[in-house]
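Okay, everyone, thanks for coming. Let me put the structure up on the screen, and then I'll walk you through it.

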Amino acid sequence: MSWNPTESKAQFTVAQDGSGSHRTIGAAIEAVRSMGHNRPERVIIHVKSGIYNEKVAIGYRLKNLMLVGDGIDKTIITGARSVARGSSTVSSATLDVSGDGFWGRDITIENRAGPQDHQAVAMKVSSDLSVFYRCSFRGYQDTLYTHSNRQFYRDSIISGTVDFIFGDAAVVFQKCDILLRKPMSQQSNFITAQGRSDPNQPTGIVIQNCRVRPEGSTGARNYLGRPWQKYSRTVFMKNDLDGCIDPKGWSEWSGGFALSTLYYAEYMNSGEGASTQNRVNWPGFHVLRSASEVRLFSVDEFLLGDRWIPATGVPFSAGV
């Protein structure tokens, strides 16, 4: 997956100036769909620099698709749908990927609806074995909906305010920048809202070797997460946590809901916001001390990533 426009062959090229095979991403995806059974095992769509104001959906039948842009902030897919303007949370997504084996690279996906528009998804992913490398996901509330299945994000930027990484996938973020933005007044920021509703589900959000910091001044209390569902599971390990993180670390969703059934853990984080001295004292919160305790949440064990990430060419750390 080492992408080079001069060497790597894209089946389709999207360019707004007409220099490619299509002017819109949607038209290129329609062309892939119309190939039917003659499709190669992986279809690469190169999206040249530009701001593409379109809603893009990659259905579950379109497997092994790759979207590659010309770089973060060069190739931008944008939209502004939101719950406040009549969309559902799911239908507000600027890019919605269901087809398994999706790879995204060097691209920005954003939802421009502001904090006042409440739920407004930039990207929704239910693609199994999906990988995102050097991508940016920009929004406010509900920026990135990691809906389901196994997902891996590396060297990417995720920014938002309320519950901006949420869903019930088995997902690992590695070496990413997680940026807290300014919410509405009276609102707090919550990085994660993990949605595991059954203790037997092998799902959760793992944030590893990332940098968590504000994008300017948030003017708000900032938390690592809150329990969207009863068995919410989130692990922060070896991250650099800025001092903007509230000393409590985590926040309630509603009263005592899920505080004894959730699993929240921190392991070897550093930075001004990493002290666990004044963290919540919920039954479900854990400060992990040994690598063996946290190994379950490594890319290898949690995603079986050593079996499928190498094919993408994306760098990754297999262990803790």
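**A walk around helix α1**

So, I'll start at a small spot: right after α1 comes G36, and its phi is positive, near 60°. Keep in mind as we go that this is a predicted model.

Now let's back up into the helix itself. Which residues of α1 are buried? They're I25, A28, I29, A31 and V32. Looking down the axis of α1, those buried residues fall within an arc of 155°, so they line one face of the helix. If you want the general background, an α-helix has 3.6 residues a turn, so residues three or four places apart point the same way.

And what do the buried residues of α1 pack against? It's a set of strands: β1 (12-14), β2 (43-47), β3 (50-53), β4 (56-58), β5 (65-68) and β6 (75-79).

That takes us to the core. The largest nonpolar core here has 57 residues, and the ones with the most contacts inside it are I45, F173 and I191. Helix α1, residues 25-34, gives the largest share of this core, five residues. There's also a second, separate core, this one of 24 residues, with V131, M237, F302 and I309 among them.

Let's zoom in on I45 for a second. Setting aside neighbours within four places in sequence, I45 is in contact with A28, I29 and V32, and also with F12, V14, L65, M66, L67 and V68.

Okay, over to the residue some of you will ask about. The UniProt annotation, from an unreviewed entry, has "active site" on D163. You'll find D163 in strand β14, residues 162-167. Is D163 buried or exposed? Buried: its relative accessible area is 5%. Not counting residues up to four places away in sequence, D163 touches D142, F190, I191, T192, A193, R226 and W253. And I191 should ring a bell, since we met it among the residues with the most contacts inside the largest core.

Last bit, the overall picture. The protein has three helices and 24 strands. Its radius of gyration is 19 Å, close to the 20 Å the globule rule gives for 320 residues, so it's as compact as a globular protein of that length. The C-alpha trace spans about 55 × 40 × 30 Å along its principal axes. Of the 320 residues, 57% are buried. And for contacts between residues at least 6 apart in sequence, 67% join residues at least 24 apart.

Definitions and conventions:
Residues numbered from 1 in each chain as written. Predicted model: local features only at pLDDT ≥ 70, side-chain atom pairs only at ≥ 80, totals over all residues. Heavy atoms only, no water. Core = buried A, V, L, I, M, F, W, Y, C linked by side-chain atoms within 4.5 Å. Buried < 20%, exposed > 50% of the residue type's maximum accessible area, 1.4 Å probe, protein only. Helix = DSSP H or I, 4+ residues; strand = E, 2+ residues; numbered from the N terminus. Contact = heavy atoms within 4.5 Å. Arc of directions from axis to C-beta. UniProt positions renumbered as here; feature names shortened; annotations may be inferred. Rg over C-alpha atoms; globule rule 2.2 N^0.38 Å.
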